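Student: Hi! I'd like to talk through this model with you, starting with what holds the inside together. Could you set out the terms before we begin?

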Amino acid sequence: MDILDLIVELFTNADHFLVALATDYGTLIYVAMFLIFFLETGFVFMSFLPGDSLLFVAGTVAASGTASPWLIMLAVIAGAIVGNTVGYKQGRWLGNRIYSGNISWINENKLRHAHDFYMKHGGKTIMLARFIPIVRAFAPLIAGAAKMNGLRFELFSSVGAIVWAMSIVGAGYLFGNIPFIKNNLSMILLLGIIAAICGPLLVGAVWQFVQKRREANESQQSEK
């Protein structure tokens, strides 16, 4: 199986993709898992890569004895942490240029609001964003631009990556051999891709609703 076929398999038949890597290329499965989750979080334009569903499928593949669940978890955790760090560094660079006036098309006041938000809720945001497709690619970038403390960011990024990888890969490992799940892995992957598209839209809609409610409350208080 050539590289192009493997890429197609990643999006259409992830279990075959992982089994092919493990059987034909040995330890390359762990390198691939690291790269996928590094790219997904390290570069916003790569956030389309399958995330949660691929983790679950990886757990089911490990349950069949094809790969080590612990090494898969370790590869994913390492890729997610390094990817988050790269995203954070990009955000710091971007934020510095905004504050210095080199990027005028981004509202500096909104960035300052983001800074205040990350000062209060940054840790929880980084951890929870790990479980939301696409959003997890933007959260480190915004955290960096908002100048969230670097050590605090790395702490919550690491904890979030560990909990995320171990819970989802673990779920696939424990439940992946159930006949219904084993026979419908492609559907699980498809549902994961749909969630990757709809999840951020739902989060955005909720955020807009909360913002409007807050503005309405502030307006009522000012009238009083």
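Tutor: Happy to. A nonpolar core here is a set of buried Ala, Val, Leu, Ile, Met, Phe, Trp, Tyr and Cys residues joined through side-chain atoms within 4.5 Å. Buried means under 20% relative accessible area. Please keep in mind that this is a predicted model.

Student: Got it. Which residues have the most contacts inside the largest nonpolar core?

Tutor: Those are L18, M33, F37, L55, I72, V76 and W164, in a core of 28 residues.

Student: And which elements give two or more residues to this core?

Tutor: Helices α3 (28-42), α4 (52-63), α5 (69-99) and α8 (150-175) do. There is also a second, separate core of nine residues, with Y88, A129, A139 and A143 among its members.

Student: Let's zoom out for a sec. How many helices and strands does the protein chain have?

Tutor: The chain has 10 helices and zero strands, so in the sequence pattern you read one α after another, α-α-α-α-α-α-α-α-α-α.

Student: How much of the chain counts as buried?

Tutor: Of its 224 residues, 41% do. As for contacts between residues at least 6 apart in sequence, 75% of them join residues at least 24 apart.

Student: Back to the core helices, then. What does α4 look like, mostly covered or mostly open?

Tutor: Mostly covered: 11 of the 12 residues of α4 are buried. The buried ones are D52, S53, L54, L55, F56, V57, A58, G59, T60, V61 and A62. From first C-alpha to last, α4 reaches 17 Å, close to the 16 Å expected at 1.5 Å a residue.

Student: What follows α4?

Tutor: G65 does, with a positive phi near 90°.

Student: How about α3, what span does that one reach?

Tutor: α3 has 15 residues and reaches 20 Å between its first and last C-alpha atoms, close to the expected 21 Å. Its buried residues are I29, Y30, A32, M33, I36, F37, F38, E40, T41 and G42.

Student: E40 catches my eye there. Why does E40 count as buried?

Tutor: E40 counts as buried because its relative accessible area is 2%, and the cut-off is under 20%. Leaving aside residues up to four places away in sequence, E40 touches M46, S47, L49, G51, R136, A137 and W164.

Student: Two of those, R136 and A137, make me think of α7. Which residues of α7 are buried?

Tutor: R136, A137, A139, P140, L141, A143, G144 and A145 are. With eight of its 11 residues buried, α7 is largely enclosed by the rest of the structure.

Student: What comes just after α7?

Tutor: K147 comes there, with a positive phi of about 60°, in a residue other than glycine. K147 sits in the loop between α7 and α8 and is partly exposed, at 28% relative accessibility.

Student: Switching topic: how many cavities of 30 Å³ or more are there?

Tutor: The count is one. The largest cavity holds about 30 Å³ of space.

Student: What lines the largest cavity?

Tutor: N84, I126, A129, R130, R136, A139 and P140 line it. α6 (108-129) and α7 (135-145) each give two or more residues to the lining, and the largest share, three residues, comes from α7.

Student: How does that lining divide into nonpolar, polar and charged?

Tutor: Four residues are nonpolar, one is polar and two are charged. Among the lining residues, R136 is also one that E40 touches, and A139 belongs to the second core.

Student: Last one: which residues far apart along the chain have C-alpha atoms you'd point me to?

Tutor: Try G95 and G144, which are 49 residues apart along the chain with their C-alpha atoms separated by 7.0 Å. G95 lies in helix α5 and is buried, with a relative accessible area of 0%. Another pair is I162 and I77, 85 residues apart along the chain, with C-alpha atoms separated by 5.8 Å.

Student: Is I162 buried or partly exposed?

Tutor: I162, which is found in helix α8, is partly exposed, with a relative accessible area of 35%.

Conventions
Residues numbered from 1 in each chain as written. Predicted model: local features only at pLDDT ≥ 70, side-chain atom pairs only at ≥ 80, totals over all residues. Heavy atoms only, no water. Buried < 20%, exposed > 50% of the residue type's maximum accessible area, 1.4 Å probe, protein only. Helix = DSSP H or I, 4+ residues; strand = E, 2+ residues; numbered from the N terminus. 1 Å grid on protein atoms, 1.4 Å probe; cavity = no way out; pocket = protein on both sides within 12 Å on 5 of 7 lines; lining within 4 Å. Points joined across faces, edges and corners; volume = space filled by probe spheres on them. Nonpolar A, V, L, I, M, F, W, Y, C, P; charged D, E, K, R; others polar. Expected span 1.5 Å × (residues − 1). Contact = heavy atoms within 4.5 Å.
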